[in-house]
Amino acid sequence: MAKKSKVARNEQRKALVAKYAKRRAALKASIRDLTLSHEERRAAQDALAALPRDANPNRVTNRCALTGRPRGNLRRFGLSRIAFREKALRGEIPGVIKSSW
């Protein structure tokens with residue numbers, strides 16, 4: 001089980017990403033816009049840099065929904081490899097069966 005503080009911090013990051021998503025998208029679009037002057041694009045870059053660091057979606061970690069484990073996650077199920085295996089062997093994940101050949 002991961003530390004509760006790490007899981008809580010990750011949830012705060014998700015909230016910040018959602019809060020600043022539109023603003024970040026608009027600033028990034030204006031940075032890519034070649035019709036703007038160099039000064040306007042530079043101002044957009046400065047505004048983007050002034051946003052909180054945790055507003056960047058890259059800083060959100062994929063964590064297991066059950067345990068909060070940050071490594072070995074299966075995105076499709078939202079579980080770590082360990083939790084996925086336990087649930088799959090118990091038959092708690094629909095459509096997943098143990099492979100045999």
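Start by selecting Arg85 and Leu89: on the other side of α3 from its buried residues, these two are exposed (exposed is over 50% relative accessible area, buried under 20%, partly exposed in between, with a 1.4 Å probe and protein chains only). Before going on, note that this is a predicted model, where local features need pLDDT of at least 70 and side-chain atom pairs count only at pLDDT 80 or more, while totals for chains, interfaces and linings use all residues. Residues are numbered from 1 along each chain as its sequence is written, and side-chain values use heavy atoms, with hydrogens and water left out.

**Around α3**

Stay with arginine 85, which sits in helix α3, residues 81–89. Helices here are DSSP runs of H or I with at least four residues, strands are runs of E with at least two, and both are numbered from the N terminus. Arginine 85 has 57% relative accessibility, so it counts as exposed. Now add lysine 98: the pair is 13 residues apart in sequence, and the C-alpha to C-alpha distance is 9.5 Å.

Which residues of α3 are buried? Select Ala83, Phe84 and Ala88. They are on the same side of α3 because they cover an arc of only 130° around the axis, the arc being that of the directions from the helix axis to the C-beta atoms. Show β1 and β2 (79–80) as well, since the buried residues of α3 pack against both; contact means heavy atoms within 4.5 Å. Just after α3, click on glycine 91, which takes a positive phi of about 80°.

**The loop between β1 and β2**

Next, pick arginine 75, in the loop between β1 and β2. Its relative accessible area is 74%, so arginine 75 is exposed. Select cysteine 64 too: 11 residues separate it from arginine 75 in sequence, and 9.1 Å in space, C-alpha to C-alpha.

**The α1 and α2 pair**

Now select residues 4–32 for α1 and residues 38–50 for α2: these helices pack at an angle of about 150°, with axes 8 Å apart. That angle is why α1 is roughly antiparallel to α2. Under 35 degrees would be roughly parallel, over 145 is roughly antiparallel, 65 to 115 is roughly perpendicular, and the rest is oblique. The axes are lines fitted to C-alpha atoms, for helices over the stretch in contact, and angles run from 0 to 180 degrees between N-to-C directions.

Which residues make the contact? On α1, show Arg24, Leu27, Lys28, Ser30 and Ile31; on α2, show Arg41, Ala44, Gln45, Ala47 and Leu48.

**From α1 to the next loop**

Keep α1 on screen and pick arginine 23, which is found in this helix. With 49% relative accessibility, arginine 23 counts as partly exposed. Measure across to alanine 55: the two are 32 residues apart along the chain, with their C-alpha atoms separated by 10 Å.

Last stop: asparagine 56, in the loop between α2 and β1 (73–74). Buried, exposed or partly exposed? Asparagine 56 is partly exposed, at a relative accessible area of 23%. Leaving aside residues up to four places away in sequence, asparagine 56 touches Val17 and Arg24. Its C-alpha atom is 9.3 Å from that of lysine 14, with the two residues 42 apart along the chain.
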